[in-house]
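Colleague: Could you take me through one part of this model up close? I'd like the helix packing in one chain, with enough of its surroundings to place it.

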Amino acid sequence: MIQATGVSWRYDTNPVIDGVSVTARPGRVLGLIGPNGSGKTTLLRLLYGALRSRSGQVTVDGDELATLPAREAARRLAVVVQETGGETALTVAELVLLGRGPHLSTFQRTSRADHEIAARCLARVGAAHLGARAFAQLSGGERQRVLIARALAQQATHLLLDEPTNHLDIRYQHEILQLVRTLDTCCVVVLHDLNLAARYCDDLVLLGAGGVAAAGTTDEVLDPGVLEPVYGIGIQRLELDGAIHLLFHPIDQPAEERSAA
Amino acid sequence: MTVTALATGEQDLLGIAAQRRRTGLWLLALTAGLLVTGVVAVGSGAVGIPPPTVARIIGHHLVGLPGEVTWTPPQEAIVWQVRLPRVLLGMLVGAGLAVCGVALQAMVRNVLADPYLLGINSGASSGAAAAILFGAGAGFGQYALSTSAFLGALAASLLVFLIARSGGRVTSIRLLLSGVAVGYALYATTSFLIFASGSAEGARSVMFWLLGSLGLARWNALLAVAAIVLIGTIGYLTVVGRRLDVLAIGEETAQTLGVSPDRFRLRLLVLVSLSVGVLVSAAGSIGFVGLVVPHLARRIVGAPHVRVVPVAALLGAILLVWADVLARMLLAPQEIPIGIITALLGAPFLLVLIRRLHATGA
């Protein structure tokens, strides 16, 4: 469980996240959604400690994140960031094996068991055949899957992903999120696509200007009445076979007034 | 977790075991190459001494075998007093500069990083010159020179990184330019100090600090310090290989994989400065080894640092000893500064790298 209470972050004088509280519950997938610039990535970075909020605190399974040693934090939180590491000369297999690092002592080298875990994680993201390739030569989608495999190899109790479906074609978008769903870890995902959020998240936090516009179960948050003012787009919600689908349309009349205001 | 579905027991998943065997073979071959290099290099010079004689003299001194003396006293003096310390220093300098290059390249995620190009060598030169001419760091006794060189190197590297970093991300161009600027300023300072002091600092001339030389190698405390520092550095860098791997990928990645990037980088910077300080105070400023050798090592054994560091150390040691042999033999009996040889070999390599950076748009 990750619990953030009253965390804030500002770039220069411009607060992006201001006194925000979120809770990611064990065994559930929490989606962070919101328009561009609403601070989804910033909030995620606060949750895994890349940014340290001056106010409030972040706890992981009850322990304050700031006080955890880096290695211990890495055993609890696996993160897929958008930093691609595209210039590395490592092979895919070597890169995925780095995920085992937090479990190894300084003098320990990776064992057969580690290799097995890494191979299995590569297979889970459909990248088993890429093991010997140079990471830098992969396509964007392949890289993304390999980075997810590395995070899985970390076998942490929490998995945080920053727009994991970026660069992926539609099939892999669903495969990756389906995979995330099947994990019994606590997951936090930054998502752009509201329909993916609808299908794969249990809970959602909707970020608007400076803070949380809505938080709750996916069903509660994906309410056109809640979403429309935040995104500035007309939304129609359908339910087919018990799944939520959102359709979008421009809001006709007040578009100019909106941009003028 | 069941693994039966994946492996039957002997299968080499991910090819890691094969890769380890390959690296092991390379290390063996390079170690053998280093020994041969040592013996041949000690034998070559103005007075040629056959390698078997060299081996016997060294064996006699080290382990008392063979006990019977079959060589002339001048041969013994040349081998033991003059050339062996020189070759050993060459090995230490080559290995040290190579692994410092490896560490710097991982630290700044930039293949152009090298202690010489980044002005760290010139910082060490300035420190050392200040120690010789004005007794800076005299409180450290016989280690005054190394200590002062270390402090100079540390100051220079901090300065270069602060300049390169100002305004955000460290880019190749900013790093190189700040390295060049700081390097020139410090070389000018060193040269000025030497001229202004008016002292007949005969052995260590401006040339020594600019282009390096192994000619001052003796069995002394400095050689011992260099050996300890460098073997320690190589050992440390090998052990933290995985951490270097994640640091080379990116700060954020390093942190999420359990490495505190800032603390680790600072530790590396101090270690590199220490090594460069010791090396420069013993052999002057020798360029391009730290740039070229890491690339060769990666070509041979791939990118993981646990393999790159020891391979780069051995390669660097071999290459520098041969460069020194060339420096002694080309215009014999006159000796060319070794930095001329390494620059002649290294500068074209730098051009190739810059071309490649341009091509990939990095």
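**Chain B and its helix pair**

Modeller: Let's start with how chain B is wired: among its contacts between residues at least 6 apart in sequence, 74% join residues at least 24 apart. Bear in mind that this is a predicted model. Chain B has 14 helices and zero strands, so there's no sheet to worry about here, just α after α along the sequence. Its radius of gyration is 22 Å, close to the 21 Å the globule rule gives for 362 residues, so chain B is as compact as a globular protein of that length. Along the principal axes, its C-alpha atoms fill a box of roughly 70 × 55 × 40 Å. As for burial, 49% of the 362 residues in chain B are buried.

Now for the pair to zoom in on: α3(B), residues 73-108, and α13(B), residues 305-329. Their axes come within 7 Å and cross at roughly 140 degrees. An angle over 145 would have counted as roughly antiparallel, but roughly 140 degrees makes α3(B) oblique to α13(B). The crossing of these two helices is right-handed.

Look along α3(B) and you'll find the residues that meet α13(B), including V87(B), G90(B), M91(B), G94(B), A98(B), V102(B) and A106(B). On the α13(B) side, the partners include H305(B), V309(B), A312(B), G316(B), L320(B) and D324(B). Taken together, the residues of this contact divide into 18 nonpolar, four polar and one charged. Glycines such as G90(B), G94(B) and G316(B) take part in it, and Gly goes under polar in that tally.

To place all this, turn to where chain B touches chain A. That contact takes 29 residues from chain B and 31 residues from chain A. On the chain B side, α9 (241-249) and α10 (251-256) each supply at least two residues. The largest share, five residues, comes from α9(B). By type, the chain B side divides into 16 nonpolar, eight polar and five charged.

One stop in chain A before you go: G49(A), in the loop between α1 (40-48) and β4 (57-60). It has 20 C-beta neighbours inside 10 Å, so G49(A) counts as buried. Leaving aside neighbours within four places in sequence, G49(A) is in contact with V58(A), L65(A), A66(A) and A73(A). For a sense of scale, the C-alpha atoms of G49(A) and I251(A) are separated by 39 Å, with their positions 202 residues apart along the chain.

Note on methods: Residues are numbered from 1 along each chain as its sequence is written. Chains are lettered from A and ligands numbered from 1 in the order in which they are written. This is a predicted model: local features need pLDDT of at least 70, side-chain atom pairs count only at pLDDT 80 or more; totals for chains, interfaces and linings use all residues. Two residues are in contact if their C-beta atoms, placed from the backbone, lie within 7 Å. Helices (H or I, at least four residues) and strands (E, at least two) are DSSP runs, numbered from the N terminus. Axes are lines fitted to C-alpha atoms, for helices over the stretch in contact, and angles run from 0 to 180 degrees between N-to-C directions. Angles under 35 degrees count as roughly parallel, over 145 as roughly antiparallel, 65 to 115 as roughly perpendicular and the rest as oblique. A crossing is left-handed if the near helix is turned anticlockwise from the far one by less than a right angle, and right-handed if clockwise. The radius of gyration is taken over C-alpha atoms; the globule rule is 2.2 Å times the number of residues to the power 0.38. A residue is buried if 20 or more other C-beta atoms lie within 10 Å of its own, exposed if 12 or fewer, and partly exposed in between; C-beta atoms are placed from the backbone.
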